[in-house]
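Please open the model in your viewer and keep the sequence panel beside it. We will go from stop to stop, selecting a few residues at each one.

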Amino acid sequence: MELGHIFYFLSRKEHRVFNAGLDWTILNLAYSPLNKWEKYAGMRSESIDPEGTNLSAAAVSRLGPVIAINPADKLVIEARFQVSYGLYLSVLSYDITSGPNAGYSFGMDNDNIFDSKGLGTSFGATIRYGFFGFSADLSNAKIPVSYYIDEPDKNEVNGMEKIPFKNFQVKVSFTL
């Protein structure tokens, strides 16, 4: 879900084939389950135990230039490039409970959500007719996340890394 506004350089009241402006996504809220990690854990054992909910979430604001093409009456196609800044949350934890790797566990977590902020970029496009349209955005940021790996008969490994946080969103858009 997101809320934003485009500040066009030229008036929208007149029909123009081309226009440009500044697109400000005031707030973008995104949530993604991280269920693909089960496949990785499953390669290590036939029995895995996800601990809690494995998810990724973000609250981001983005700002950048937009180019709009208006080839027909109410048909508008927009392309944008934005710089983003936001808070990111990643929670992932798995225990392997049987097989040759029994006791192996791995995961990642944000120790403090306010330490998990980062800059990124976003590319997007919107096609709309009148007030109704579809948008797609590809975002990329690098954020600090702490991780741990605990293997039987070995010391636990933990630390913090800046990891890529990539997100692809397809949205229904309503323009006022």
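## Getting your bearings

The protein has one helix and nine strands. Before you start clicking, keep in mind that this is a predicted model. Colour by secondary structure and follow the chain from the N terminus: the elements run β-β-α-β-β-β-β-β-β-β. The chain has 176 residues, and 35% of them count as buried.

## Stop 1: the largest pocket

Start by selecting Gly4, His5, Ser173, Phe174 and Thr175. The largest pocket has a volume of about 610 Å³, and of the 22 residues that line this pocket, those five are the closest to its centre.

Now widen the selection to whole strands. Which elements each supply at least two residues of the lining of the largest pocket? They are β1 (2–8), β2 (18–33), β5 (75–96), β7 (117–129) and β9 (157–174). β1 gives the most, with six residues.

Try colouring the lining by residue class. You should find eight nonpolar, seven polar and seven charged residues around the largest pocket.

## Stop 2: across from Phe174 to a loop

Keep phenylalanine 174 selected and add glycine 130, which is found in the loop between β7 and β8. These two residues are 44 residues apart in sequence, yet the C-alpha to C-alpha separation in space is 8.9 Å. Is glycine 130 buried, exposed or partly exposed? With a relative accessible area of 26%, glycine 130 is partly exposed.

## Stop 3: a nonpolar patch on the surface

Switch on the surface and select Met1, Leu3, Phe7, Phe9, Leu10, Leu22, Trp24, Ile26, Leu27, Leu29 and Leu63. Together these residues make a nonpolar surface patch of about 1100 Å². Two elements, β1 and β2, give two or more residues to the nonpolar patch. β2 gives the most, with five residues.

For a closer look, centre on leucine 22, which sits in strand β2. Leucine 22 has a relative accessibility of 34%, so this residue counts as partly exposed.

## Stop 4: a network of salt bridges

Hide the surface and show side chains as sticks. Side chains of opposite charge can pair when their charged atoms come close. A search of the whole structure finds eight salt bridges, and we will visit some of them.

Begin with arginine 80 and aspartate 23, whose side chains meet in a salt bridge at 3.7 Å, N to O. This pair links distant parts of the chain, as arginine 80 is in strand β5 and aspartate 23 in strand β2, 57 residues apart. Both arginine 80 and aspartate 23 are buried.

Next, select aspartate 137 and arginine 62. Their side chains form a salt bridge too, at 3.9 Å from N to O. Aspartate 137 is in strand β8 and arginine 62 in strand β4, so this contact ties together parts that are 75 residues apart in sequence. Are these two partners buried or exposed? Aspartate 137 has a relative accessible area of 1% and is buried, and arginine 62, at 3% relative accessibility, counts as buried as well.

Stay on aspartate 137 and bring arginine 80 back into view. Aspartate 137 also forms a salt bridge with arginine 80, with the closest N and O atoms 3.3 Å apart. Because aspartate 137 lies in strand β8 and arginine 80 in strand β5, the pair ties together parts 57 residues apart in sequence. Aspartate 137 and arginine 80 are both buried.

To see how these contacts connect, select Glu2, Asp23, Arg62, Arg80, Asp137 and Lys171. Salt bridges that share partners join these six residues into one network.

## Stop 5: the largest cavity

For the last stop, clip into the interior. There are two cavities of 30 Å³ or more, and the largest has a volume of about 90 Å³. Select Val60, Tyr88, Ser139, Phe165 and Asn167: of the 13 residues that line the largest cavity, these are the closest to its centre.

Which elements give two or more residues to the lining of the largest cavity? They are β2, β4 (55–69), β5, β8 (132–150) and β9. Colour by class once more, and the lining of this cavity shows six nonpolar, six polar and one charged residues.

Methods. Residues numbered from 1 in each chain as written. Predicted model: local features only at pLDDT ≥ 70, side-chain atom pairs only at ≥ 80, totals over all residues. Heavy atoms only, no water. 1 Å grid on protein atoms, 1.4 Å probe; cavity = no way out; pocket = protein on both sides within 12 Å on 5 of 7 lines; lining within 4 Å. Points joined across faces, edges and corners; volume = space filled by probe spheres on them. Helix = DSSP H or I, 4+ residues; strand = E, 2+ residues; numbered from the N terminus. Nonpolar A, V, L, I, M, F, W, Y, C, P; charged D, E, K, R; others polar. Patch = residues over 30% accessible without salt bridge, like charges linked within 9 Å, V, L, I, M, F, W, Y side chains within 5 Å. Areas by Shrake-Rupley, 256 points an atom, 1.4 Å probe, with all protein chains shown as cover. Salt bridge = Lys/Arg side-chain N within 4 Å of Asp/Glu carboxyl O. Buried < 20%, exposed > 50% of the residue type's maximum accessible area, 1.4 Å probe, protein only.
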